[in-house]
Amino acid sequence: MSMVSLPGLKDLIESISRERNLPRLAVQAAIREALLKGYERYRRAQNIERKQFDEDYFDNFEVELDIDDEGFRVLSTKTIVEEVSNTDHQISLDEVQQVAPEAQLGDSVVLDVTPDQGEFGRMAAMQTKQVLAQKLRDQQRQMVQEEFQDLEGTVLQARVLRFERQSVILAVSSTFGQPEVEAELPKREQLPNDNYRANATFKVYLKKVSQGQQRGPQLLVSRADAGLVVYLFANEVPEIEDEVVRIVAVAREANPPSRYVGPRTKIAVDTLDRDVDPVGACIGARGSRIQVVVNELRGEKIDVIRWSPDPATYIANALSPARVDEVRLMDPETRQTHVLVAEDQLSLAIGKEGQNVRLAARLTGWKIDIKDKAKYDHAAEDAKFIEARAKYQQEQEERELAEELAEFEDEDNQTEELEEESFDLNDDE
């Protein structure tokens with residue numbers, strides 16, 4: 001069998017495998033695909049018999065690598081026919097039976113169609129080189145996807161590489177000893193207090209592993225996701241890792257709408273062990289545990305509060321550090337509540353530019369309206385809510401009635417259509 005020589009093939013496979021952290025078999029597969037594209041380019045340049053080649057014309061061709069002798073062959077699978085109409089895909093029965101008398105029509109044979117060493121051509125070699133680079137990139141993307149897919153939602157150590165527009169490009173690795181992979185930290189996922197200088201290290205939350213063949217990093221990481229706070233507490237508080245203390249909910253505002261308001265997080269914790277204080281466990285002796293988390297988040301303010309199955313208690317806790325006098329659950333169905341505080345607690349309960357009450361509402365899932373206890377009129381507020389509730393119920397009933405009428409009309413139309421079809425069938429008979 002003829003062969004096109006590729007001096008240094010073995011060393012090339014080894015070096016690519018080592019530099020790109022790809023298995024040798026994956027590199028060999030990429031080289032075979034690239035050489036097949038190069039052969040296709042050679043054939044198109046030759047334009048044998050002046051024919052046009054369809055996209056799937058070369059599907060019955062394959063490249064065989066000879067690693068030891070450092071070369072390759074091109075093989076073609078052909079179907080045995082009586083009369084040949086396409087020499088690339090077919091071969092005559094008479095020709096095959098000269099060497100294999102037992103051959104029959106419809107059988108397939110594999111033939112060596114390797115071009116001569118000098119015929120492969122410079123253009124075909126260039127095509128091979130371009131396709132090989134693309135195939136190797138595809139192989140790397142596939143490996144990154146497989147390596148990091150199961151790590152979505154976890155925290156990785158990252159190192160700053162460079163800056164692209166407003167994004168920071170980081171280097172992350174999945175396991176010890178594995179080569180680093182690039183990840184993107186977009187502007188919206190950055191913390192305002194972080195200093196992203198070259199080679200600075202951060203803990204990042206792996207938010208998404210992208211699929212497809214897009215250029216650039218496949219990994220999207222975050223410093224602003226609530227998952228990072230959960231990880232940091234779980235890593236710092238043994239009671240959380242041992243599942244004695246559980247994190248029930250987290251509300252985080254890492255990038256506040258105003259630059260005059262700093263990042264802040266509220267985290268609700270609970271325990272089934274009566275002898276354990278879940279808030280104290282997260283804060284630690286003299287604040288030692290929570291200070292580690294705060295330092296990692298570059299000074300972000302963190303409120304740890306006790307979760308409660310009682311909504312009123314939970315809401316009062318969520319508004320910490322403000323002191324709440326009364327929580328009135330005005331409408332449990334629409335989850336609206338009035339929280340009464342003393343006049344000197346109003347600004348603390350609301351927070352700078354409404355941040356405290358906004359986070360408390362997100363943490364509890366209730367719409368919270370802060371009221372001055374001294375000016376609050378219980379009877380008037382109750383009357384307003386009764387009126388609003390009645391109006392809401394009336395609108396709800398009207399919507400339900402309209403939906404029922406629409407469904408009835410649809411059923412009526414379907415019945416009429418069935419009757420018309422039945423009538424038409426009777427007429428045909």
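These legends describe close-up views of a predicted model.

**View 1. Helix α2 from end to end.** Helix α2 covers residues 24-46. The helix has 23 residues. From first C-alpha to last, α2 reaches 33 Å, close to the 33 Å expected at 1.5 Å a residue.

**View 2. Buried residues of α2.** Many names belong here, among them A26, V27, Q28 and A30, which are buried. I31, A34 and L35 are buried in α2 too. Further along, the buried residues include G38, Y39, E40, Y42 and R43.

**View 3. T128 of helix α4 and A34 of helix α2.** T128 is found in helix α4, residues 122-148. Its relative accessibility is 11%. Buried means under 20%, so T128 counts as buried. T128 and A34 lie 94 residues apart along the chain. Their C-alpha atoms are separated by 4.8 Å. A34 is one of the buried residues in α2.

**View 4. V131 of helix α4 and I31 of helix α2.** V131 is also found in helix α4. At 13% relative accessibility, V131 counts as buried. V131 and I31 are 100 residues apart in sequence. In space, C-alpha to C-alpha, they are 8.6 Å apart. I31 is buried in α2.

**View 5. A patch of negative charge on the surface.** E395, E397, E398, E400, E403, E404, E407, E409 and D410 gather in this patch. E395 is found in helix α12, residues 378-428. The relative accessible area of E395 is 34%. Partly exposed covers values between under 20% and over 50%, so E395 is partly exposed. Patch residues need over 30% relative accessible area, and E395 is in the patch.

Conventions. Residues numbered from 1 in each chain as written. Predicted model: local features only at pLDDT ≥ 70, side-chain atom pairs only at ≥ 80, totals over all residues. Heavy atoms only, no water. Patch = residues over 30% accessible without salt bridge, like charges linked within 9 Å, V, L, I, M, F, W, Y side chains within 5 Å. Areas by Shrake-Rupley, 256 points an atom, 1.4 Å probe, with all protein chains shown as cover. Salt bridge = Lys/Arg side-chain N within 4 Å of Asp/Glu carboxyl O. Lys, Arg positive; Asp, Glu negative; His and termini not counted. Charge placed at Lys NZ, Arg CZ, Asp CG, Glu CD. Helix = DSSP H or I, 4+ residues; strand = E, 2+ residues; numbered from the N terminus. Buried < 20%, exposed > 50% of the residue type's maximum accessible area, 1.4 Å probe, protein only. Expected span 1.5 Å × (residues − 1).
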